[in-house]
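I opened this entry to look up the charged side-chain pairs and the cysteines. The structure is set out below for reference.

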Amino acid sequence: LFRSTVLAHLSDYNLVKVMELVEVVYGPYATYQLRYGDLEESNLLIQISAIPLEHGEVLDCVQELSLSVNKLFSLASGAVERCIKLTDGLGTCGLLQALQALFKKYVSDFTNTLQSIRKKCKLDTVPPDSLFQEDWSAFQNSVRLITTAYEIGRAYV
């Protein structure tokens, strides 16, 4: 904003002095702007790692998976806002790289948690030729997982 304002009234100022002022004001941030994508990616991966997905009980795991969707998209939204504020949108390529790493990590953690839930519900130990009898809590957890998947799809589109 400052740059565009100054450049709009450039005829009123000495160009050399204006450029010196712009360099003094924005110079310290140039390194961070150039490294924005890497810095944002590191920040997002640290923050997503702090969101617990797996707890001892199956019901707690399913609840955490459900709650994590809003947290995930809140992190992504915050990254977009920071990109606009710090780079004026010029760091979009770095932002996309950081968001890709964020979603890749989340999908990996989500998949690991689902595998853990399968083990806790002993779904991997059911012989293929036996009749599988689901109990009510497994059914409820499945419905919650489907709802969570729907929320992810809805928020992503």
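**Entry 1: Lys120 and its partner.** I began with Lys120, which counts as partly exposed at 31% relative accessibility. The model I am reading is predicted. I then asked which side chain meets that of Lys120 in a salt bridge. I found Glu54, with an N to O distance of 3.9 Å. The cut-off for a salt bridge is 4 Å, so I entered this pair as one. I noted that the pair links distant parts of the chain, 66 residues apart. Glu54 lies in the loop between α3 and α4, whereas Lys120 belongs to helix α5, residues 92-120. Glu54 is partly exposed too, with a relative accessible area of 40%.

**Entry 2: the total.** I next asked how many salt bridges a search of the whole structure finds. The search returned 3. I turned to the remaining pairs in order.

**Entry 3: Glu40 and Arg82.** I recorded a salt bridge between the side chains of Glu40 and Arg82, at 2.6 Å from N to O. This pair also links distant parts of the chain, with the two positions 42 residues apart: Glu40 is in helix α3 (residues 36-49) and Arg82 is in helix α4 (residues 58-87). I then checked whether each partner is buried or exposed. Glu40 counts as buried, at 4% relative accessibility. Arg82 is partly exposed, and its relative accessible area is 32%.

**Entry 4: Lys105 and Asp109.** I found Lys105 in a salt bridge with Asp109, the closest N and O atoms lying 2.9 Å apart. Both residues sit in helix α5, and because they are 4 residues apart there, about one helical turn separates them. Lys105 counts as partly exposed, at 26% relative accessibility.

**Entry 5: the cysteines.** I asked how many disulfides the structure holds. The count came to 0. I looked up why Cys83 has no such bond. The closest cysteine sulfur to that of Cys83 is in Cys93, 9.3 Å away, which is too far for a bond. The cut-off here is 2.5 Å between sulfur atoms. From the other side, Cys93 is in no disulfide, and its nearest cysteine sulfur is that of Cys83. I also compared their surroundings. Cys83 is buried, with a relative accessible area of 2%, whereas Cys93 is exposed, with a relative accessible area of 67%.

Note on methods
Residues numbered from 1 in each chain as written. Predicted model: local features only at pLDDT ≥ 70, side-chain atom pairs only at ≥ 80, totals over all residues. Heavy atoms only, no water. Buried < 20%, exposed > 50% of the residue type's maximum accessible area, 1.4 Å probe, protein only.
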